[in-house]
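Student: Please take one part of this model and look at it closely. Start with the empty space, then work outward through whatever surrounds it.

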Amino acid sequence: MTLYLDSVDFSSYVKNRGYTVSYRKITGPNSYTTLDGTYYEDLIAKKAVVKIPLNPMTSAQLSTLTTACYNATKAKYYDT
């Protein structure tokens with residue numbers, strides 16, 4: 001797997017295969033259920049949640065990766 005965070009290559013930190021993508025609904029305050037049981041959802045967005053398995057690493061490497069993830073404005077990942 002190839003992982004770039006703000007054009008910095010972190011490919012050596014991640015496993016070759018196995019990332020998963022799921023989606024989380026972000027609902028607004030106007031969601032409600034009517035008396036007949038119908039649920040109306042105020043859907044604001046669907047956020048993608050990407051889970052990437054990591055290789056074993058030292059605490060310094062983990063700190064570097066964590067800081068890069070929190071500060072990243074652009075991420076690219078490819079499953080090889």
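**The largest pocket and its surroundings**

Tutor: The largest pocket holds about 280 Å³ of space. Keep in mind that this is a predicted model. How is such a space found? A probe the size of a water molecule is rolled over the atoms, and this shows where empty space is left.

Now look at the walls. The lining of the largest pocket has 15 residues. Nearest its centre lie Leu3, Leu5, Ile52, Cys69 and Ala75. Which elements supply the lining? β1, α1 (59-71) and β7 each give at least two residues to it. The top contributor is α1, which supplies five residues.

Next, follow the strands. β1 covers residues 2-5, and β7 covers residues 75-78. These two strands pair in the antiparallel sense, over four bridges. One match is easy to find: Leu3 has Tyr77 in β7 as its bridge partner. Leu3 is also one of the lining residues nearest the centre of the pocket. So what holds paired strands together in general? Strands of a sheet pair through backbone hydrogen bonds, and the sense can be parallel or antiparallel.

β1 has a second neighbour. Strand β2 (residues 8-9) is joined to β1 by two bridges, and the two run antiparallel. Here Leu5 stands opposite Val8 in β2. Leu5, too, is among the lining residues nearest the pocket centre.

Put the strands together. They make an open sheet of three strands, in the order β2-β1-β7, with antiparallel pairing. β2 and β7 are at the edges with a single partner strand each, so one side of each has no neighbour in the sheet.

Now zoom in on the turn. β1 and β2 form a hairpin, with two residues between them. Asp6 lies in the loop between these strands, and Ser7 is found in that loop too. Check the backbone angles here. Phi of Asp6 is near 50°, a positive value in a residue other than glycine. Phi of Ser7 is near 65°, again positive in a residue other than glycine. Why point this out? Because most residues other than glycine have a negative phi.

Are these loop residues buried or exposed? Asp6 has a relative accessible area of 33%, so it counts as partly exposed. Ser7 reaches 68% relative accessibility, so it counts as exposed. The cut-off for exposed is over 50%.

Step away from the pocket now. How many salt bridges does a search of the whole structure find? It finds one. The side chains of Glu41 and Lys25 meet in it, at 3.6 Å from N to O. Glu41 lies in the loop between β5 (39-40) and β6, and Lys25 lies in strand β3 (residues 20-27), so the pair ties together parts that are 16 residues apart in sequence. Glu41 has a relative accessible area of 37%, so it is partly exposed.

β6 covers residues 43-51, and Val50 is placed in it. With 31% relative accessibility, Val50 counts as partly exposed. Val50 also belongs to a nonpolar surface patch of about 280 Å², made with Val21 and Tyr23.

Two distances finish the tour. Take Asn30 first. Asn30 lies in the loop between β3 and β4 (32-33). Its relative accessible area is 55%, so Asn30 is exposed. Asn30 and Asp42 are 12 residues apart in sequence, and 5.5 Å apart in space from C-alpha to C-alpha.

Then take Tyr39, in strand β5. Tyr39 is partly exposed, at a relative accessible area of 49%. How far is Tyr39 from Thr66 in space? The C-alpha atoms are 39 Å apart, and the two residues are 27 apart in sequence.

Go back to the pocket with this in mind. Trace β1 again: it supplies lining residues, and it stands between β2 and β7 in the sheet order.

Key. Residues numbered from 1 in each chain as written. Predicted model: local features only at pLDDT ≥ 70, side-chain atom pairs only at ≥ 80, totals over all residues. Heavy atoms only, no water. Patch = residues over 30% accessible without salt bridge, like charges linked within 9 Å, V, L, I, M, F, W, Y side chains within 5 Å. Areas by Shrake-Rupley, 256 points an atom, 1.4 Å probe, with all protein chains shown as cover. Salt bridge = Lys/Arg side-chain N within 4 Å of Asp/Glu carboxyl O. Buried < 20%, exposed > 50% of the residue type's maximum accessible area, 1.4 Å probe, protein only. Pairing = 2+ DSSP bridges. 1 Å grid on protein atoms, 1.4 Å probe; cavity = no way out; pocket = protein on both sides within 12 Å on 5 of 7 lines; lining within 4 Å. Points joined across faces, edges and corners; volume = space filled by probe spheres on them.
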